[in-house]
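Biologist: Could you take me through this structure? Please begin with the overall picture.

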Amino acid sequence: MQLLSERILNMATSATLAMAAKARELRGEGKDIIGLSLGEPDFNTPDFIKEAAIQAVNDNYNSYSPVDGYVDLKEAVITKFKRDNNLTYTLPQIVVSTGAKQCLANIASVMLNDGDEVILPCPYWVSYSDIVKLNGGVPVEVATSLDTDFKMTPAQLEAAITPKTKMMWFSSPCNPSGSVYSKEELRGLADVLVKYPNIYVVSDEIYEHINYGSGHASIAEFDDMYNNTITVNGVSKAFAMTGWRIGFIGAPEKIARACNKMQGQITSGANCIAQRAVITALNADPSAVKYMIDEFKVRRDLVLNLLSDVKGFNSNTPEGAFYVFPDVSYYFGKTLRGKTINNATDFSLYLLEEALVATVTGDAFGNPNCIRISYAASQEQIIEAIKRIKEVVS
């Protein structure tokens with residue numbers, strides 16, 4: 001009898017975490033690695049949120065929390081959705097989970113049956129595909145390119161739909177491309193989807209507030225999409241709270257109740273202290289974290305300016321998140337310092353070993369021609385990293 005399940009044997013390792021582990025290994029050998037691979041703000045959690053957590057400890061919050069979250073946290077989530085997204089939800093429609101990743105896992109678990117197809121505009125966040133496959137679904141990848149700012153068109157969406165299509169998952173702002181769907185672009189996709197009332201959309205909006213001026217739109221804002229959309233969000237990115245592990249959904253009540261049921265058998269409620277702190281975070285005006293977004297924009301412009309002087313790096317101008325996703329296919333088939341570059345994975349490993357700069361291959365995001373560079377790092381690190389990259393590819 002086989003020790004491990006086919007499920008785990010067939011699952012890919014998270015490429016972002018694998019690259020971070022490789023970088024740590026090289027640092028352990030004494031090498032000066034600049035990490036531009038992880039999607040994690042390099043800011044500290046704001047003090048007013050930390051103080052709320054300390055108060056929760058002093059108030060003796062130490063017992064199991066409700067599976068779907070404290071009522072007053074769910075009320076804060078409802079207020080946030082109304083204030084920031086013009087979305088109206090009720091308490092039974094909200095489920096708080098251990099990070100947005102668990103939200104996605106819950107959704108897939110309660111909605112997908114074997115053979116159900118899930119449309120994924122490429123590039124997509126690394127875990128989408130494996131979460132879908134883990135739950136019996138079939139990822140249907142829709143290729144995009146620099147020409148469309150890495151955004152799927154309505155015609156592409158229409159062409160990808162089959163009688164087996166159950167869902168579409170996407171993120172805006174997008175990890176890894178930083179692309180942001182405008183309200184008009186979302187309306188174009190919605191015009192296709194409303195013709196298929198059995199298709200549901202997962203709208204991953206975790207980078208919502210890290211937006212550089214184009215404004216954020218939610219597909220659930222459209223009345224004819226509200227009942228077919230699960231909106232996923234959390235506090236990891238905008239509030240620099242990745243380790244606090246709090247995400248949440250707003251969903252049709254039947255789906256939310258199913259997620260609550262699933263979560264009750266897997267983890268139960270999320271961390272009680274973190275939940276109390278998140279109430280304070282969500283009730284704060286979003287301008288409280290604007291200083292981070294302003295700095296990310298400065299870094300974005302810095303990265304794009306520096307990369308424009310590196311031959312073979314072609315990038316869009318990201319309107320959100322904190323990544324650039326340059327096409328590096330210029331180097332495929334070339335030999336650099338005795339190493340032949342066949343694909344984005346080779347190139348990403350080459351940069352790690354030769355430039356001592358950690359990035360992530362685009363293969364992990366469904367785009368084999370690109371690499372992801374995170375600029376959640378200091379300006380000094382960014383300048384040094386791009387300098388090293390330029391030196392090893394020149």
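Modeller: The protein chain has 14 helices and 14 strands, where helices (H or I, at least four residues) and strands (E, at least two) are DSSP runs numbered from the N terminus. This is a predicted model, in which local features need pLDDT of at least 70, side-chain atom pairs count only at pLDDT 80 or more, and totals for chains, interfaces and linings use all residues. Residues are numbered from 1 along each chain as its sequence is written, and side-chain values use heavy atoms, with hydrogens and water left out.

Biologist: What is the radius of gyration of the chain?

Modeller: The radius of gyration, taken over C-alpha atoms, is 21 Å, close to the 21 Å from the globule rule for 394 residues, so the chain is as compact as a globular protein of that length. That rule is 2.2 Å times the number of residues to the power 0.38.

Biologist: And how many of the residues count as buried?

Modeller: Of the 394 residues, 55% are buried, meaning under 20% relative accessible area with a 1.4 Å probe, protein chains only.

Biologist: Changing topic, at what angle do α13 and α14 pack?

Modeller: Helix α13 (residues 344–355) packs against helix α14 (residues 379–393) at about 105°, their axes 10 Å apart; axes are lines fitted to C-alpha atoms over the stretch in contact, and angles run from 0 to 180 degrees between N-to-C directions. The two are therefore roughly perpendicular, a term for 65 to 115 degrees.

Biologist: Which residues meet there?

Modeller: F347, Y350, L351, E354 and A355 of α13 meet R388, I389, V392 and V393 of α14, contact being heavy atoms within 4.5 Å.

Conventions
Angles under 35 degrees count as roughly parallel, over 145 as roughly antiparallel, 65 to 115 as roughly perpendicular and the rest as oblique. Buried means under 20% relative accessible area, exposed over 50%, partly exposed in between (1.4 Å probe, protein chains only).
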